Amino acid sequence: MKISREKYELARARAYKGQKDLEAAGIPKGTLCRIIGGGNAKPETLGRIAKVLGVDVTEIIENE
C-alpha cells in the first residue's frame with residue numbers, strides 16, 4: 001500500500017502533528033521517510049500513522 005503524500009500532509013496539518021510526534025508514537029524515522037518518499041508500507045504501519053493523526057486509514061492512502 002502507498003500513502004498519498006498530499007492527503008498525509010493535510011491530515012498531519014489538521015492534527016497539529018509533526019514528524020517527531022509520529023516518531024514518539026513508535027514509527028521509525030526511516031520508515032516514515034521511505035513511505036513519504038513513495039515506498040510501500042504494511043497496512044498495519046499505515047493504520048498506526050492514521051491512528052496518531054486521528055483519521056481513518058482510507059483518508060491517507062493513495063486511490064489506485
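# A tour of a four-helix chain

Start with the whole chain. For 64 residues, a compact globule would have a radius of gyration near 11 Å, and this chain has 10 Å, so the two agree. Keep in mind that the model is predicted. Along the principal axes, the C-alpha atoms fill a box of roughly 30 × 25 × 20 Å.

Switch to a cartoon view. You will find 4 helices and 0 strands. Read from the N terminus, the order of elements is α-α-α-α.

Now add a surface. The accessible surface of the chain is about 4100 Å². Carbon and sulfur atoms own 50% of that surface. Buried residues are 31% of the 64.

Colour by charge next. There are 12 positive and 9 negative charges, and their mean positions lie 6 Å apart.

Then consider the contacts. Take those with a separation of 6 or more: 59% of them join residues 24 or more positions apart.

## Into the core

Select Ile-3, Tyr-8, Leu-22, Leu-46, Ile-49 and Leu-53. These residues have the most contacts inside the largest nonpolar core, which has 16 residues. Three helices each supply at least two residues of this core: H1 (5-14), H3 (29-36) and H4 (43-53). Which helix gives the most to this core? Colour H4: its share is 4 residues, the most.

Stay in the core and centre on Leu-22. What does Leu-22 touch, beyond residues up to four places away in sequence? Show Tyr-8, Arg-12, Ile-27, Leu-32, Ile-49, Val-52 and Leu-53 as sticks; Leu-22 touches each of these. Tyr-8, Ile-49 and Leu-53 were in your previous selection too, among the residues with the most contacts inside the core.

## Helix H2 and the loop before it

Move to Asp-21, in helix H2. Buried, exposed or partly exposed? Asp-21 is partly exposed, because its relative accessibility is 35%, between the cut-offs of 20% and 50%. Beyond its neighbours within four places in sequence, Asp-21 makes contact with Tyr-16 and Val-52. Draw a C-alpha to C-alpha distance from Asp-21 to Leu-53: the two are 9.4 Å apart in space, with their positions 32 residues apart in sequence.

Follow the contact to Tyr-16. This residue sits in the loop between H1 and helix H2 (19-24). Check its backbone. Most residues other than glycine have a negative phi. Tyr-16 is not a glycine, yet its phi is positive, at about 55°. Look at the side chain against the surface as well. With a relative accessible area of 74%, Tyr-16 is exposed, since the cut-off for exposed is over 50%.

## Helix H1 and the segment before it

Step back to Ala-13, in helix H1. Ala-13 counts as exposed because its relative accessibility is 51%, and exposed means over 50%. Draw another C-alpha to C-alpha distance, from Ala-13 to Leu-53. The pair is 40 residues apart in sequence and 9.0 Å apart in space.

Now select Ser-4, in the segment before H1. Is Ser-4 buried or exposed? Its relative accessibility is 13%, so Ser-4 counts as buried; the cut-off for buried is under 20%. Which residues does Ser-4 touch, leaving out those up to four places away in sequence? Show Ile-60, Ile-61 and Glu-62: Ser-4 touches these three.

## Helix H4 and the segment after it

Go to Gly-47, in helix H4. Gly-47 is partly exposed, as its relative accessible area is 30%. Draw its C-alpha distance to Asn-63, 16 residues away along the chain: the separation is 16 Å.

Finish at Val-57, in the segment after H4. A relative accessible area of 28% makes Val-57 partly exposed. What does Val-57 touch, not counting residues up to four places away in sequence? Select Leu-46, Gly-47 and Ala-50, and you have its contacts. One last distance: the C-alpha atoms of Val-57 and Leu-46 are 6.6 Å apart, with the two residues 11 positions apart along the chain. Leu-46 takes you back to the core, as one of the residues with the most contacts inside it.

Methods:
Residues are numbered from 1 along each chain as its sequence is written. This is a predicted model: local features need pLDDT of at least 70, side-chain atom pairs count only at pLDDT 80 or more; totals for chains, interfaces and linings use all residues. Side-chain values use heavy atoms; hydrogens and water are left out. A nonpolar core is a set of buried Ala, Val, Leu, Ile, Met, Phe, Trp, Tyr and Cys residues joined through side-chain atoms within 4.5 Å. Buried means under 20% relative accessible area, exposed over 50%, partly exposed in between (1.4 Å probe, protein chains only). Contact means heavy atoms within 4.5 Å. The radius of gyration is taken over C-alpha atoms; the globule rule is 2.2 Å times the number of residues to the power 0.38. Accessible areas come from the Shrake-Rupley method with a 1.4 Å probe; for residues, only the protein chains shown count as cover. Lys and Arg count as positive and Asp and Glu as negative; His and the chain ends are not counted. The place of a charge is taken as NZ of Lys, CZ of Arg, CG of Asp or CD of Glu.
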